[in-house]
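The following exercises concern helix packing, cysteine pairing and residue burial. Please inspect the sequence and the structure before reading each solution.

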Amino acid sequence: MFKKSIIAAIALLVSPLYLQAQNKVPVYLDDSKPMKERVEDALSKMTVEEKIAMIHAQSKFSSAGVSRLGIPDNWMTDGPHGIRPEVLWDEWSQAGWTNDSCTAFPALTALAATWNKEMALLYGKSIGEEARYRNKNVLLGPGVNIYRSPLNGRNFEYMGEDPFLTSKMVVPYIKGVQSNGVATCVKHFALNNQETNRHGVNVVVDDRTLYEIYLPAFKAAVQEGGTWAIMGSYNKYKGQQACHNEYLLNDILKGEWGFEGVVVADWGGAHNTKEAIFNGLDMEFGSWTDGLAWGKSNAYDNYYLAAPYLKMIKSGEVGTKELDEKVRRILRLSFLTTMNRSRPFGSFGTEDHAAAGRKIAEEGIVLLQNKNNILPVNLSTTKKIAVIGENAIKMMTVGGGSSSLKAKYEISPLDGLKKRIGNQAEIVYARGYVGDAKSDYNGVVSGQDLSEKRSAAELMAEALKVAKDADIVIFIGGLNKSDFQDSEGNDRKGLELPYEQDKLVSALAKVNKNIVFVNISGNAVAMPWVNEVPGIVQGWFLGSEAGNALAEVLMGDVNPSGKLTFTFPVKLQDNGAHALGDFPGTEEVIYKEGLFVGYRWVDKQKIKPLFPFGHGLSYTTFEYDKVSADRKEMEASDKITFSVKVKNTGKRAGQEVVQLYITDLKSSLPRPVKELKGFEKISLQPGEEKTVTFTVDKAALSFFDDKKHDWVAEPGKFEAIIGASSANIKGKVGFILK
Ligand code: BGC
């Protein structure tokens with residue numbers, strides 16, 4: 001009997017069924033199994049210590065996986081414009097790698113100015129490939145905070161003042177990045193609209209404004225883009241830090257919107273263990289540690305979600321329900337990224353990426369003014385070109401805070417022009433003024449020597465002399481990435497151009513009437529000399545291919561098609577936040593202007609801006625026909641389609657951004673005069689005509705009723721407005737919502 005059972009046991013051990021069971025892939029590693037099952041299986045195999053390790057940083061940019069289970073670490077990288085160079089494990093300084101020089105893509109302000117969703121997809125796909133190649137599974141971007149004031153130091157990292165435009169542009173960006181098995185971490189959620197006292201300022205905003213202006217892009221990122229991560233912001237809301245905020249994270253993001261991804265704290269944005277446990281934060285990064293005392297052996301143990309949390313669990317002060325919920329989300333992130341075996345391999349610093357950056361830059365550049373058709377430069381009649389200004393030579397990919405890059409190369413505007421023009425005309429350069437001679441940031445050295453011994457008067461005299469002798473003057477100035485300009489950590493001090501450029505531009509315009517001003521910035525600037533300068537171009541921060549793209553537009557190889565994504569006010573007081581006196585707040589900032597941000601404010605106050613939202617010229621001309629609607633009345637469940645024919649009436653091919661705004665003619669609550677609800681970028685050959693259609697439903701007619709806490713489309717009369725900008729209205733058609 002005994003013998004028999006031994007034989008039976010051996011037979012069972014060598015049976016194919018048993019062997020199969022032994023080799024069985026655990027559920028969490030079986031990618032044929034549903035995500036939820038895999039997550040629960042992995043979770044069930046983890047110890048409390050492993051779970052705690054997963055929810056906070058272990059280095060500046062990484063957090064632990066579970067090596068015992070083959071779950072890789074998570075690696076984050078900035079940022080929205082290119083893949084950040086490697087830093088030391090526990091320092092911000094450079095690791096000194098020689099193979100981490102990336103493609104610098106145009107800043108997000110430039111991407112948004114293309115008004116082209118295909119460009120956003122191309123951007124996302126390309127930068128995602130770079131992140132993937134560098135083995136990063138979370139890209140810290142894109143940034144979608146709304147442009148409230150032209151003084152916000154980080155506006156250049158965002159997509160302008162309009163929630164609809166930002167929402168439409170962020171979705172393809174996310175899809176492009178995530179198609180690489182790399183998560184986007186959309187930032188900074190929410191209400192991070194100033195840099196002054198950014199860790200402490202408490203934002204006071206009414207619900208309507210919150211839901212109508214500041215949240216839609218995040219909602220679109222979650223519900224339409226399907227972002228796998230969101231970054232909490234530094235500021236407070238309702239007195240609570242945004243990184244562990246009951247209202248923003250638990251109620252809205254995870255509650256109302258059903259976000260299933262990971263909430264990552266901005267670096268140093270977590271401040272309290274209990275709030276971090278209970279108020280929706282999933283991963284803590286960048287908290288300050290003293291590297292001394294009990295944190296000496298591993299400063300990261302000091303993190304709010306590290307040893308202090310474990311201690312609370314061990315003592316029974318808190319349970320593990322919240323911990324499991326955080327880990328579930330992080331495991332899902334791992335399955336979608338590092339553990340997704342079918343994700344592509346990525347590529348880095350390639351010609352394709354350079355070409356993508358260049359295309360986006362070309363489409364983002366905005367021709368603001370072109371009196372007497374001064375542009376494009378006519379090389380058959382131009383012998384001498386004076387290029388003036390520090391921004392013609394300054395590297396702009398270095399500096400500005402966390403989006404600073406170590407670019408593989410960066411073509412300056414002057415080099416771009418020289419390369420394009422060759423010996424077709426003489427180019428004479430004069431710096432004209434000294435802005436910031438610094439050419440390194442966080443250990444990345446641009447290699448440029450911008451030191452200058454000459455006095456301001458000498459530089460000005462040289463510039464005037466050079467300008468006087470030239471056929472055309474191209475002034476390349478604006479802001480830069482230094483502190484108190486387009487840079488993280490501080491806001492600008494005023495709307496005017498720095499380094500006395502206004503004085504120089506006016507003086508130059510006096511000696512040569514053929515002058516073009518190229519504004520390199522991510523923000524609006526005042527232009528008191530606007531009537532003295534026939535040509536004005538918004539040149540943004542354009543990344544590696546900056547100089548090439550600018551030269552192509554200035555010389556006319558590319559017909560400009562970018563449009564402004566924010567209003568350029570004549571003066572600061574023409575902006576709502578400034579007119580009502582609340583920018584920047586220190587301890588508290590009250591968004592007194594409410595919904596009336598950007599064009600919503602100038603429309604309401606009937607102010608003529610320097611350049612309106614949606615504005616941008618072309619080297620060709622477009623004619624708009626009458627706007628029509630497919631119905632006069634609609635029910636709340638219906639859709640309505642507006643059509644307009646647009647014709648290229650000029651001599652060259654071009655692209656036009658046709659914009660649809662909706663006006664609610666009568667409503668129970670105050671509403672903006674009009675709001676963007678559609679846009680389409682079309683290409684037209686000379687003489688060609690296309691019909692552009694916009695189909696909208698009640699969502700385009702709705703406002704957020706704070707009493708009902710819901711979106712409401714009130715029956716009544718509406719108007720659909722078609723414009724070439726928010727101020728250049730081409731036609732209207734009325735309709736009724738029954
Ligand atoms: C910035 C984030 C950035 C993070 C990591 C923070 O200072 O606000 O946007 O992603 O640093 O560099």
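**Exercise 1. Determine how many disulfides are present, and account for the state of Cys 102 and Cys 243.**

Solution. The model is predicted, and the count of disulfides in it comes to 0.

Step 1. A disulfide is a covalent bond between the sulfur atoms of two cysteines. The cut-off applied here is a pair of cysteine sulfur atoms within 2.5 Å.

Step 2. For Cys 102, the closest cysteine sulfur belongs to Cys 185 and lies 19 Å away, which is too far for a bond.

Step 3. For Cys 243, the nearest cysteine sulfur is that of Cys 185, at 9.9 Å, and Cys 243 is in no disulfide.

Step 4. As to accessibility, Cys 102 is buried, with a relative accessible area of 0%. Cys 243 is likewise buried, with a value of 0%.

**Exercise 2. Describe the packing of helix H7 against helix H9.**

Solution. Two packed helices are described by the angle between their axes and the distance between the axes.

Step 1. The axes of H7 (residues 163-178) and H9 (residues 216-223) come within 8 Å and cross at roughly 30°. H7 is therefore roughly parallel to H9, since angles under 35 degrees fall in that class.

Step 2. The handedness of the crossing of H7 and H9 is right-handed.

Step 3. From H7, the contact involves Pro 163, Thr 166, Ser 167, Val 170, Val 171 and Ile 174; from H9, Pro 216, Ala 217, Ala 220 and Ala 221. By class, these residues comprise 8 nonpolar, 2 polar and no charged.

**Exercise 3. Carry out the corresponding analysis for helix H6 and helix H14.**

Solution.

Step 1. The axes of H6 (residues 117-133) and H14 (residues 351-364) come within 10 Å, crossing at roughly 150°. H6 is therefore roughly antiparallel to H14, since the angle is over 145 degrees.

Step 2. The crossing of H6 with H14 is left-handed.

Step 3. H6 contributes Met 119, Leu 122, Tyr 123, Ser 126, Glu 129 and Glu 130, while H14 contributes His 353, Ala 356, Lys 359, Ile 360 and Glu 363. The contact of H6 with H14 divides into 5 nonpolar, 2 polar and 4 charged residues.

**Exercise 4. Is Ser 506 buried or exposed, and which residues does it touch?**

Solution.

Step 1. Ser 506 is located in helix H17 (residues 501-511).

Step 2. The relative accessibility of Ser 506 is 17%, so Ser 506 counts as buried; the cut-off is under 20%.

Step 3. Leaving aside residues up to four places away in sequence, Ser 506 touches Trp 529 and Glu 532.

Definitions and conventions: Residues numbered from 1 in each chain as written. Predicted model: local features only at pLDDT ≥ 70, side-chain atom pairs only at ≥ 80, totals over all residues. Heavy atoms only, no water. Axes fitted to C-alpha atoms, helices over the stretch in contact; angles between N-to-C directions. Helix = DSSP H or I, 4+ residues; strand = E, 2+ residues; numbered from the N terminus. Parallel < 35°, antiparallel > 145°, perpendicular 65-115°, else oblique. Left-handed = near helix turned anticlockwise from the far one by under 90°. Contact = heavy atoms within 4.5 Å. Nonpolar A, V, L, I, M, F, W, Y, C, P; charged D, E, K, R; others polar. Buried < 20%, exposed > 50% of the residue type's maximum accessible area, 1.4 Å probe, protein only.
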